[in-house]
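The following account leads the reader through a protein model, from its overall composition to its helical packing and its sheets. It is best read with the structure in view.

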Amino acid sequence: VPCSKGDVFQTKLLSPVEKRRLMKFLQLASDYAVAEHSAKLGGVAVAASSEHDDSAENIESTKESGGEGSEMDNIHSLNERQLLQGRSLTRPQNKVVSTSDLDTLRDYIDRDMDFDEYLRTVHSLPDRLRMIIIHAMAMESAADSSLDGQDGAEGYPTGQAMTDLCRHLLSLGRYGGTAFLFPMYGCGELSQSFCRSAAVHGATYLLRRSAKGLIATQCSDGDESMTVSGIVLGGDVDPNGNSLPDKILKARRVVVPAEVMPVGQVVDTGSRKRILRRISVLSGRLISGDGSDDNVVDETEQRHIIVIPPGTGNLDNKCVIHGIALDESVSVAPRSLTGGGDCTVLHLTTTMNGSDKETAHHGILERAAQSLIEAAKRKSRVEELYRISFSYVHVSHPGPSKQPLIRGLIACHRGGQSITLESAFHRAKEIFHSVCPGADFLALSKEMDEMVRERVGDRGDDSDDEQVALESAMDLIETTALIDTADTGAHSS
């Protein structure tokens, strides 16, 4: 997966023609992201679908302060405004952008055309380049489209694909050479950090008591529908071992997983998919360098994302297979075994139709794992020590307009196959705004912000050096601006 121009032009896997075509499209994608964000800032109407309005949320502003240029002015002269490695995939400084290419792209977005067709007809990209872009770069929603297209759906819409692709491109180089971050000790730390943050802001946790059911009552406004009034918590035991009775907690809103929704309350989306997972513990390194000068594999750590496109080799995989290989550098695997070397944890995920045989798809992940292990054995000693496979039903999110029939009952749908947590973040944001309309999502309260600032100021040298330096720089800029303003006013007078 290319992270810079060097990655594209130094690889031996692509021909010179393919490299030029790939770079031309990636530069156009970066231009599209900058143009969309500039149009929003300047109040210019954007010809993209409204459901993709968040495509450039994380893009740095490209409109100069006080400037009055239009969208066309912004995209005709694109200066390098971020000294990031990821921006090396963007167009050279001040190179003119072809607005006709952007117009063609937006036309495909407006007509909700398939992304694969756009890449094939407009950019003449061969199959393997289209697979790289769709499955390895715009990977957020690609898994969902692989099976949808077989059911007669629209496939992977160009608008959504550009949203996912631009998010990937604009994440390159921010915290390293790639677009990804992985938490120490695994993704379970993300939920723990949220729990701690929520507790600081007043959240209450009830431990050792599981929810047994919901309490719903008739609406008081004469409507025949029901509304949530509370939940029933299972009993606990006291220190003497005596059973405690169930407890009822009053509540106006309850958020529950879609998989445990009451009978008749689940909105049928017609989805009959299953997500299949396979976890292996390996002794040795799964991915090693080839010893060449342009080798990009880190020989000291195993932190890799593996993407196997549909129809690869003899795997017979209808959907893309996502893999993650991690070692002890992120504290998810033992450092070393006696005589066996360091361990690697391999996660493989794919999607299947509900009508397919589950055992056959577990065989697909088995063949994929064995293929990766056999390839690794050519360079190092690798052995599978442990493995486990499981699956679960994927209940598609029906959309905010199709919520459960019981008022106050909010269903949280598990996202489809994805390497990133983008869909979970947006779903959490949607639920938050349904409960607290108008409030800022994951915003630091004023009281907490003042408390943090006081503590940082009191600790002096013990505080975060980078934070102190940043705040000092901002204070210096603000002071300088005030002095310049005062001088300007004095000269004017």
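Of the 493 residues of this protein, 35% count as buried. The model is a predicted one, and its secondary structure comes to 13 helices and ten strands. Among the contacts with a sequence separation of 6 or more, 63% are made by residues 24 or more positions apart.

The interior may be considered next. The largest nonpolar core holds 34 residues, and the members that touch the most others within it are F25, F115, Y118, L119, I133, M162 and L165. Five helices each supply at least two residues of this core, namely α2 (16-42), α4 (99-110), α5 (115-121), α6 (127-137) and α8 (158-169). Of the contributing elements, α2 gives the most, with nine residues. The surroundings of I133 illustrate how this core is joined: leaving aside residues up to four places away in sequence, I133 touches L22, F25, F115, L119, L125, A138 and L165. A second core, separate from the one just described, comprises 18 residues, including L282, L315, I321 and I373.

Two of the helices that contribute to the largest core, α4 and α8, also pack against each other. Their axes lie 7 Å apart and make an angle of about 120°. Helices count as roughly perpendicular from 65 to 115 degrees and as roughly antiparallel over 145, and the angle found here therefore makes α4 oblique to α8. On the α4 side, the residues that meet α8 are L105, Y108 and I109, while α8 presents T158, G159 and M162. By class, this contact has four nonpolar and two polar residues, and no charged ones. M162 thus appears in the contact with α4 as well as among the residues of the largest core that touch the most other members.

The description now turns to the sheets. One open sheet is built from three strands in the order β1-β2-β3, with antiparallel pairing. At its edges stand β1 (211-218) and β3 (247-250); each has a single partner strand, so one side of each is left without a neighbour in the sheet. On average, and with direction ignored, neighbouring strands of this sheet are turned by 35° against each other.

The register of this sheet can be followed through its bridges. Strands β1 and β2 (residues 226-233) run antiparallel and are joined by seven bridges. Within this pairing, I215 stands opposite G230 of β2, and A216 has V228 as its bridge partner in β2. On the other side, β2 pairs with β3, again in the antiparallel sense, over four bridges, and I231 stands opposite L249 in β3. In a regular strand the side chains alternate between the two faces of the sheet.

Another open sheet consists of five strands in the order β6-β7-β8-β5-β9, and its pairing is likewise antiparallel. Its edges are occupied by β6 (303-308) and β9 (383-394), each with a single partner strand, so one side of each lacks a neighbour in the sheet. Here the neighbouring strands are turned against each other by 15° on average, direction ignored. The edge strand β6 pairs with β7 (residues 321-326) in the antiparallel sense over six bridges, and I306 stands opposite G323 in β7. I321, a residue of the second core, falls within the range of β7.

How values were computed:
Residues are numbered from 1 along each chain as its sequence is written. This is a predicted model: local features need pLDDT of at least 70, side-chain atom pairs count only at pLDDT 80 or more; totals for chains, interfaces and linings use all residues. Side-chain values use heavy atoms; hydrogens and water are left out. Two strands pair if DSSP finds at least two bridges between them. Axes are lines fitted to C-alpha atoms, for helices over the stretch in contact, and angles run from 0 to 180 degrees between N-to-C directions. A nonpolar core is a set of buried Ala, Val, Leu, Ile, Met, Phe, Trp, Tyr and Cys residues joined through side-chain atoms within 4.5 Å. Buried means under 20% relative accessible area, exposed over 50%, partly exposed in between (1.4 Å probe, protein chains only). Contact means heavy atoms within 4.5 Å. Angles under 35 degrees count as roughly parallel, over 145 as roughly antiparallel, 65 to 115 as roughly perpendicular and the rest as oblique. Ala, Val, Leu, Ile, Met, Phe, Trp, Tyr, Cys and Pro count as nonpolar, Asp, Glu, Lys and Arg as charged, and the others, Gly among them, as polar.
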